[in-house]
Amino acid sequence: MDLVTLQGWLDNLAFAVLFLTMLCYWSGAAFRQVTFLPKVGATGMAIANLTIAALLVARWIEGGYFPVSNLYESLFFVAWGLTAVHLIAERMSESQLVGTVTAPVAMGISAFATMTLPDAMQHSEPLVPALKSNWLMMHVSVMLLSYAALMVGALMAIAFLVVTRGQAIELRGSSVGTGGFRDSRLRKQIDATFKSEAVAAEATGGGGTAVLEKVEIVETPKVALSPQRLTLADTLDNISYRIIGLGFPLLTIGIISGGVWANEAWGSYWSWDPKETWALITWLVFAAYLHSRLTKGWQGRRPAIIAASGFAVVWVCYLGVNLLGKGLHSYGWFF
Amino acid sequence: MMSNFWKGIQRYFKRDLLPLLADLRLAIALLLLIAVFSTSGTVVEQGESLAFYQANYPEDPALFGFLSWKVLLTLGLDHVYRTWWFLSILILFGASLTACTFTRQITALRWFSRPWNFYTQPRQFTKLALSSALGQGSLAQVESTLGQRGYRTFTRDQSLYAQKGVTGRIGPIVVHASMLLILAGAIWGSMTGFFAQELIPGGQTFQIRNIFDAGPWAAAQIPKDWAVKVNRFWIDYTPEGTIDQFYSDLSVVDAMGTELKRDTIHVNKPLRYHGVTLYQADWGIAGVRVRFNNSPVLDLPMAQLETEGKGRIWGGWVPTKPDMSEGVSLVATDLQGTLLVYGIDGQLISTVRKGMSTEVNGITLSIVDLVGSTGLQIKADPGIPMVYLGFGLLMIGVLMSYVSHSQVWALESEGQLYIGGRTNRAQVAFERELLQVIDTMETPS
């Protein structure tokens with residue numbers, strides 16, 4: 001079997017596996033009592049990840065260069081990144097909800113690449129002179145991984161918004177450490193318990209047992225000092241934040257490597273080309289997200305709304321720019 | 001009088017302006033505003049001619065009911081990134097970044113000089129979400145468990161303080177400072193750098209003259225005591241006939257013509273000399289070397305023909321009579337060596353390859369060679385070292401900023417072990433870690 005036929009098998013397989021994975025996660029979320037479904041989903045994600053990896057390796061051998069230079073290859077690279085980041089996010093959060101939002105997107109990408117993209121755009125083509133550089137592998141793979149991470153983070157922010165609709169939420173994670181403190185109502189109860197114990201101790205020290213009994217009668221219910229666990233919303237929010245926190249450095253490194261490459265190849269590290277500009281816009285939106293978490297009075301659903309809108313911005317940056325015109329960054333289009 | 005005035009300005013700066021500039025909400029607004037304004041430059045075509053905007057943005061009907069070419073040009077939407085309003089927002093952003101770096105980031109360093117804050121009262125633990133009072137376990141046990149998990153521990157009397165991931169506190173400071181460095185480098189580069197373009201036929205020597213963009217202090221950068229000789233320009237083609245790579249063999253020469261440096265450049269591999277960089281950017285066909293019958297080799301120029309954007313064609317005229325009353329036209333589309341020969345009546349006479357000859361008007365015309373000219377982009381940017389330093393620090397800074405700074409407090413008091421902690425980023429991972437630590441206390445091994 002030659003490499004091209006193998007690729008044809010692998011891309012269809014990846015799509016089929018991701019489709020089943022999505023169904024598993026969705027029915028798992030609908031019927032909570034069927035606990036094995038999300039586990040099957042996680043296995044499906046892992047299989048899809050390996051299938052896409054095999055597809056990309058086959059491409060690499062066939063084309064002789066790292067396969068990220070046309071739309072088909074880059075879509076599958078992003079799908080691979082999505083499945084990989086999904087597995088990280090699921091492990092970090094131990095929440096089976098992650099798959100309900102990531103699986104459909106990964107499935108959609110592989111379906112688009114496999115079925116909608118014309119055959120002519122699926123073939124491996126020789127590289128144009130400008131792209132013949134070791135920077136290609138570094139710049140493009142880091143950029144695409146950052147898109148994948150930011151997409152998963154943004155999707156989890158969307159899941160967070162759905163889970164917390166109609167609630168006021170205080171965020172836990174930010175770089176100045178506004179989180180990590182106990183809910184004030186709970187804290188008052190514990191403080192009251194501490195105080196009454198102190199009174200009781202004083203009473204035991206000063207008088208007889210009769211006084212102690214009297215104190216115990218008027219006492220409020222005792223609340224012992226024990227950890228206040230994170231809720232599902234807290235967990236979704238925090239893992240969304242951590243995954244975006246992973247995507248943001250990748251995006252930064254990707255943009256900088258592109259700038260350095262452009263400077264080495266053409267003598268200008270920034271030229272306001274549409275793709276560059278949209279990468280900067282993506283960076284600015286997620287920088288705004290990270291800062292909004294630090295702002296008093298903004299904590300809650302507002303940062304998650306910024307992150308969720310970041311999902312659209314990443315897509316415009318990744319594919320939307322193609323519609324605007326030609327350039328080194330254009331993958332070509334088929335309308 | 002004067003000193004009062006200055007004091008007033010100082011007070012205004014410290015009390016009103018600085019807190020306003022350092023306000024996070026302003027920073028977020030600016031980030032989003034720059035993002036929104038930047039999109040306009042990706043939607044509206046940049047740097048086109050007046051006729052282009054007149055044709056594509058008519059006054060009636062105006063796009064979205066208002067965006068006619070007049071409105072577009074008045075707002076400067078044809079060159080968004082150089083308009084006064086875009087640059088002012090960038091300057092405001094730079095000011096906000098500076099204010100933030102000095103008032104928030106640098107002061108955050110004070111955190112390090114703070115004495116270790118031990119908790120000495122059980123009630124101090126209640127404010128922490130992750131805190132617990134245990135009947136078992138000892139401070140020594142907490143210390144060794146946390147030590148194994150990479151915490152630095154400090155103890156005093158019956159209390160313990162442990163922390164890890166201070167890197168995560170320094171990261172944002174590095175990020176903000178490095179962005180200031182990049183901004184400064186970019187401004188410095190635009191003031192002292194220049195941009196030039198030259199299209200030079202193979203074999204010729206040139207000095208950098210065709211400068212199309214230079215900063216006000218760029219004069220010192222423009223080379224005067226050396227020139228560049230283009231030894232040869234050629235293109236490698238793939239077997240399918242598409243371009244594989246462009247090459248220029250260049251020599252840097254001094255006034256006497258002595259070679260100072262020689263290198264072959266291609267796209268992605270420029271030549272650098274004394275702060276000036278020459279990039280392979282474009283190419284053309286400069287001329288053709290021909291022989292008539294047994295004549296010596298003659299150089300005839302070729303020029304690019306107007307095709308209205310339908311591919312690139314070069315043409316040249318070859319006289320076949322000494323009085324130039326008759327001749328043929330040679331047409332080429334690339335440097336692969338095939339030439340089309342057209343007669344004076346516009347009819348295709350023949351095609352001829354490099355190194356071959358053809359019969360025209362009773363004369364044997366031999367094509368010796370096609371001479372390519374190389375299009376070079378020439379640039380000096382003294383701001384680059386600063387920008388690159390900023391790039392490097394920014395990458396390190398954002399990576400450092402991923403680290404979560406975790407702190408744990410413990411106290412032994414009245415037979416109880418109090419333990420509690422918090423972290424600034426990885427809440428979920430920290431919760432898991434601290435619960436495990438608590439678990440090891442509750443299940444003595």
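Which side chain of opposite charge is nearest to Asp11(A), a residue that has no salt bridge? In this predicted model, that side chain belongs to Arg59(A), at 6.9 Å. A salt bridge would need a side-chain nitrogen of Lys or Arg within 4 Å of a carboxyl oxygen. Asp11(A) is nonetheless buried.

The setting of Asp11(A) can be described from its contacts. The residue lies in helix H1 of chain A. Apart from neighbours within four places in sequence, Asp11(A) touches Leu55(A), Tyr72(A), Phe76(A), Thr114(A) and Gln122(A).

Helix H1 covers residues 3–30, and Leu20(A) is also part of this helix. Is Leu20(A) buried or exposed? Leu20(A) has a relative accessibility of 52%, and because exposed means over 50%, Leu20(A) counts as exposed. Together with Phe19(A) and Leu23(A), Leu20(A) makes a nonpolar patch on the surface, with an area of about 260 Å². Helix H1 thus holds both the buried Asp11(A) and the exposed Leu20(A).

The view can now widen to the chain. Chain A contains 11 helices and zero strands, so that, by the DSSP runs used to assign elements, every element listed from the N terminus on is α. The chain has 335 residues, and 56% of them count as buried. Taking the contacts between residues at least 6 apart in sequence, 81% link residues at least 24 apart. On the outside, chain A exposes about 14400 Å², of which 66% is supplied by carbon and sulfur atoms.

Key
Residues are numbered from 1 along each chain as its sequence is written. Chains are lettered from A and ligands numbered from 1 in the order in which they are written. This is a predicted model: local features need pLDDT of at least 70, side-chain atom pairs count only at pLDDT 80 or more; totals for chains, interfaces and linings use all residues. Side-chain values use heavy atoms; hydrogens and water are left out. Patches are made of residues with over 30% relative accessible area and no salt bridge: like charges are joined within 9 Å, nonpolar side chains (Val, Leu, Ile, Met, Phe, Trp, Tyr) within 5 Å. Accessible areas come from the Shrake-Rupley method with a 1.4 Å probe; for residues, only the protein chains shown count as cover. Helices (H or I, at least four residues) and strands (E, at least two) are DSSP runs, numbered from the N terminus. Buried means under 20% relative accessible area, exposed over 50%, partly exposed in between (1.4 Å probe, protein chains only). Lys and Arg count as positive and Asp and Glu as negative; His and the chain ends are not counted. Contact means heavy atoms within 4.5 Å.
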